[in-house]
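User: Hello! Could you walk me through a few side-chain details of this model?

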Amino acid sequence: MSKQTILVTGGLGFIGSHTVVELLHASYDVVVVDNLNNSRMQVLESIRRTSGKEIDFYPYDTRDEKAMKEVFEKHPNIAGVIHFAAYKAVGESVAEPLKYYDNNIYGLVALLKQMQINGIKAMLFSSSCTVYGQPEKLPISEQTPLKPAESPYGNTKKMGEEIVVDATKTGAFKAISLRYFNPVGAHPDGFIGELPIGVPQNLIPFVTQTAAGLRKELSVFGNDYPTPDGTAIRDYIHVVDLAHVHVKAMARLLNNEGPSYDVYNVGTGRGYSVLEVIEAFERVSGQALPYHFAPRRAGDVVQVYADANKAEQELQWKAQYGIDDMLRDAWNFQKNILDETHILNEKES
Ligand code: UD1
């Protein structure tokens, strides 16, 4: 059988780049479209180094119909699409909502149209546990009711899922939405990982940059939450585990198994508080992390963790990495890219 080709949008981003590596390991051919808006060309070389394989790359935007037409024409054997290309900063989405709707919604619709024109039968959509808000009951299963979105970013994930559902109803293709909990870590080989441009908004990159001396001190947002140690709880998931679930979910679609649309939670099923994350970091790095308590961050929920049984049963996928692995690999990557991070931060200021 000839190799199947997967188109990955946003394939140079954090989750995208790790997924490309796992697709290559699983012997797919990979075509990446990434407009480099929040990613960098060097990642292409890092993917090559980590996987030992080549990919086809186009610096295009999925909203550019002509450009996307060219990609599909050049690769008539594309069997499935994994759509990562989107903005993801909650605060920025509140300040610039139309930028988010334009990229995340219009970008999705334009891609779906191209898929339909080109007869592509399978698509994975990157969604987020943000669609659940703070649920009444934990753990969060796929049956947990969705809450109104707290931000334009969250709304693009909720609306994106709805658009994908409606599009599958025509029978043109099958799709799966993967609702990620908190993706963290880096590839264990240390070449690819999360590279936030400017001051990191998320916990783990802030922790590793603080330990590396790029930030003075971590602010722990809130220590008066109704949790055992007072800090908020999240279900952190190693990005390589996350990459694997994409390979499994894509295989399910390409084998024509399951309904025309489905959704899976992607987490470990175990929550960790911010203080537990700090403790784990100190354990794996052997160094103390400077931090102080600060007020709660607006829009944060108290605690979320996944019921990930559906993915285990139907996709035969289960998270393999624990919190120590996540922090070890994130730290290892941070140490490798220290000089580069300095340059990025200089650019920002
Ligand atoms: C955030 C987004 C979520 C998005 C995800 C993508 C919000 C409200 N949610 O999740 O929609 O899908 O990123 O990566 O922004 N923390 C600190 N100090 C820091 C940074 C974070 O204490 O400097 C705490 C937060 O308050 C939170 C936990 O660490 O309790 C995790 O925060 P973060 O990594 O930003 O992820 P989420 O907010 O869960």
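User: Are Phe-281 and Trp-331 buried or exposed?

Analyst: A quick note first: this is a predicted model, where local features need pLDDT of at least 70, side-chain atom pairs count only at pLDDT 80 or more, and totals for chains, interfaces and linings use all residues. Residues are numbered from 1 along each chain as its sequence is written, and side-chain values use heavy atoms, leaving out hydrogens and water. Relative accessible area decides the class: under 20% is buried, over 50% exposed, and in between partly exposed (1.4 Å probe, protein chains only). For Phe-281 and Trp-331 alike, the class is buried.

User: Thanks! How is the pair of Tyr-58 and Tyr-60 classed?

Analyst: Rings of Phe, Tyr and Trp (its six-membered ring) pair if their centres lie within 6.5 Å; planes under 30 degrees apart are stacked, over 60 edge-to-face, and the rest tilted. Tyr-58 is buried at 10% relative accessible area, while Tyr-60 is partly exposed at 21%. Their ring centres are 5.5 Å apart and their planes at 40°, so the pair is tilted.

User: And what is the angle between the planes of Phe-281 and Trp-331?

Analyst: Happily, this one is clear-cut by the rule: the pair is edge-to-face. The centres are 5.4 Å apart, and the angle between the planes is 80°.

User: Which ring does the charged end of Arg-270 sit over?

Analyst: A charge counts as over a ring if NZ of Lys or CZ of Arg is within 6 Å of the ring centre and within 35 degrees of the ring normal. Lys-310 lies over the face of Tyr-264, 4.7 Å from the ring centre. For Arg-270, at 4.0 Å from the centre, the ring is that of Tyr-272.
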